[in-house]
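Biologist: I am new to this one. Please show me the structure, and I will ask how each label is earned.

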Amino acid sequence: MPKEKVAVITGASRGIGKSIALALAAQGATIVAMDMDQAATDAVVAELQAAGTTALAVVGNVTVTADVERMIEAAVAAFGRVDILVNNAGITRDGLIMRMKDEDWDAVLSVNLKGAFLCSRAAFKVMSKQRYGRIINIASVVGQMGNAGQANYCASKAGLMGLTKSNAREMAKRNVTVNAVAPGFIATAMTDALPEKVREELAAQIPLERLGSAEDIANAVTFLASEASAYITGHVLSVNGGMYM
Ligand code: NAI
């Protein structure tokens with residue numbers, strides 16, 4: 001259990017990131033919630049504090065090195081350490097490849113992949129000295145199987161799985177584990193944007209016959225952040241209702 005551990009979660013103001021923050025807090029972790037959306041991040045932190053959790057909001061952009069370093073510095077200044085990093089911030093800019101704009105490619109690769117690199121590098125400086133850390137990257141089933149219309153997103157999530165394995169090898173000698181969770185289709189703002197018919201078609205392809213919930217992902221992250229997963233590193237944990245196996 002991550003009791004008295006300090007967890008930094010990016011993209012924590014809503015959706016899966018917020019569920020992860022609530023789930024780790026329920027296990028006793030102190031939460032640093034990072035997001036670009038100030039009002040929503042402050043609201044999550046207020047909710048956590050009202051429930052008795054020690055929590056801090058950091059507003060910033062995961063693609064900006066100075067913001068990421070400020071986030072880790074704020075965690076260390078407030079709580080003295082960083083035990084858990086969840087790289088959850090992510091975006092989509094979907095489109096067929098022939099029409100995909102350069103800026104849509106760059107934006108998705110920058111948030112989903114470079115953001116995770118910058119946060120991992122900054123957190124590892126602290127974790128390395130502590131000789132303890134858990135880094136969990138939120139990938140996607142489409143990074144494993146591909147998806148027409150999401151070349152940028154699929155490439156970013158496949159890249160994130162490569163980053164997970166490389167960092168797992170590099171950080172292991174400092175007792176830092178690095179794993180990924182690959183969600184299937186999860187009911188959040190990202191999938192609410194899809195037409196009802198598309199969501200029904202998606203659910204029909206899933207052996208467990210439903211979209212996942214943000215809590216399904218948070219449960220997997222809680223396990224990977226806990227002492228119970230100490231001997232697991234470089235793993236991609238599918239949480240997809242059997243959609244891809
Ligand atoms: P969401 O769009 O509800 O939340 C994403 C959060 O990240 C937002 O609060 C947003 O403000 C923040 N964010 C975006 N760009 C940022 C940046 N540059 N710096 C800091 N924060 C930033 O998305 P959702 O559905 O909760 O997804 C969370 C993660 O799970 C993403 O990495 C997504 O790719 C992944 N995922 C989601 C699936 C789904 O079906 N919803 C399926 C598979 C993976």
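Modeller: Start with the ligand. It is surrounded by 27 residues, and R14, D35, N88, Y153 and T188 are the closest. To be near, a residue needs a heavy atom within 4 Å of the molecule. This is a predicted model, where local features need pLDDT of at least 70, side-chain atom pairs count only at pLDDT 80 or more, and totals for chains, interfaces and linings use all residues. Residues are numbered from 1 along each chain as its sequence is written, and side-chain values use heavy atoms, without hydrogens and water.

Biologist: What makes the T188 pair with the ligand a polar contact?

Modeller: A polar contact is a pair of N or O atoms within 3.5 Å. A polar side-chain atom of T188 lies 2.6 Å from a ligand oxygen atom, so the pair meets the definition. The protein buries 94% of the 830 Å² that the ligand exposes when taken alone (Shrake-Rupley method, 1.4 Å probe).

Biologist: Why is the link between E227 and K5 called a salt bridge?

Modeller: The rule asks for a side-chain nitrogen of Lys or Arg within 4 Å of a carboxyl oxygen of Asp or Glu. For E227 and K5, the closest N and O atoms are 3.8 Å apart, so the pair qualifies. E227 is in the loop between helix 9 (214-224) and strand 7 (236-239), and K5 is in the segment before strand 1 (6-10), so the pair ties together parts 222 residues apart in sequence. Helices (H or I, at least four residues) and strands (E, at least two) are DSSP runs, numbered from the N terminus.

Biologist: How many salt bridges does this rule give?

Modeller: The count is 8.

Definitions and conventions: Polar contact = N/O pair within 3.5 Å; in protein donor to acceptor, adjacent residues only side chain to side chain.
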